[in-house]
Amino acid sequence: MIGFLRCIGLLNAAIWFGAGIFFTFFGGPAIFSAEMQRLLSPKFYPYFSGEIAQIVIGRYFRLQIICGIIAVVHLVAEQLYFGRAPQKRWLSLLMALLALSLIGGCWLQPKLKDWHKLRYDANTAPQTRETATRSFQMWHGISQAANLLMLTGLGFYLIRVGNPGESTRFIGSGKFRS
């Protein structure tokens, strides 16, 4: 049973971390690349590349939230199997990563989407457009910093799942079994 739990935990951590690496360093930059600008033409590029990014980011946050929930359930299940309470540092890390994912996906991403639309809407007043642009840029920068923080935390979590430590299980009679 523990082999199955560890396999699920490692697979989930690898998917979560791998998706973050792919999105941050390959997928996201591709959306704003020169190739995308040529494809969409300079006239349509800023608006449509941003709209494409919003679609991809929405899916990325959903994946992060799903992986975060699986990770918390996995940690609790693994520790219950061993008859111990989850280690606070790992549970805290996972809860922080899940909270960042929820904040990003449920609050920040919809706001960025709204500000993006205001930036490029022909009916938006110039002052509103300028305010939306500044808000978008500021929160996008905060989002990027939070994403790098997420990747760091996910790297530590992946290492933890890959090196689980003690594998003994307490049996009610006071004996230990491997």
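This passage describes the nonpolar cores and the salt bridges of a predicted model.

The largest nonpolar core comprises 15 residues. Within this core, W16, A71, L94, L97, M150, L154 and Y157 touch the most other members. Four helices each supply at least two of the core residues, namely helix 1 (2-31), helix 2 (34-82), helix 3 (88-120) and helix 4 (126-162). The greatest contribution is that of helix 2, which provides five residues. The surroundings of L154 illustrate the packing in this region: when residues up to four places away in sequence are not counted, L154 touches W16, F17 and L97. A second core, separate from the largest one, consists of seven residues, and F23, I31, A53 and Y60 are among them. In general terms, nonpolar side chains tend to be buried together in soluble globular proteins.

Charged side chains were examined next. Side chains of opposite charge can pair when their charged atoms come close. A search of the whole structure yields four salt bridges.

One of these salt bridges joins the side chains of E51 and K117, with an N to O distance of 3.5 Å. The pair links distant parts of the chain, as E51 belongs to helix 2 and K117 to helix 3, 66 residues apart. The two partners fall into separate accessibility classes. E51 has a relative accessibility of 13% and therefore counts as buried, the limit for this class being under 20%. K117, at 38% relative accessibility, counts as partly exposed.

A further salt bridge is formed between the side chains of E78 and R160, at 2.9 Å from N to O. Because E78 lies in helix 2 and R160 in helix 4, this pair ties together parts that are 82 residues apart in sequence. Both partners are classed as buried: the relative accessible area is 2% for E78 and 8% for R160.

Within helix 4, R134 forms a salt bridge with E130, and the closest N and O atoms of the pair are 3.0 Å apart. These residues are separated by four positions, about one turn of the helix. R134 is partly exposed, with a relative accessible area of 47%. Salt bridges that share partners also join R6, E78 and R160 into one network.

Note on methods
Residues numbered from 1 in each chain as written. Predicted model: local features only at pLDDT ≥ 70, side-chain atom pairs only at ≥ 80, totals over all residues. Heavy atoms only, no water. Core = buried A, V, L, I, M, F, W, Y, C linked by side-chain atoms within 4.5 Å. Buried < 20%, exposed > 50% of the residue type's maximum accessible area, 1.4 Å probe, protein only. Contact = heavy atoms within 4.5 Å.
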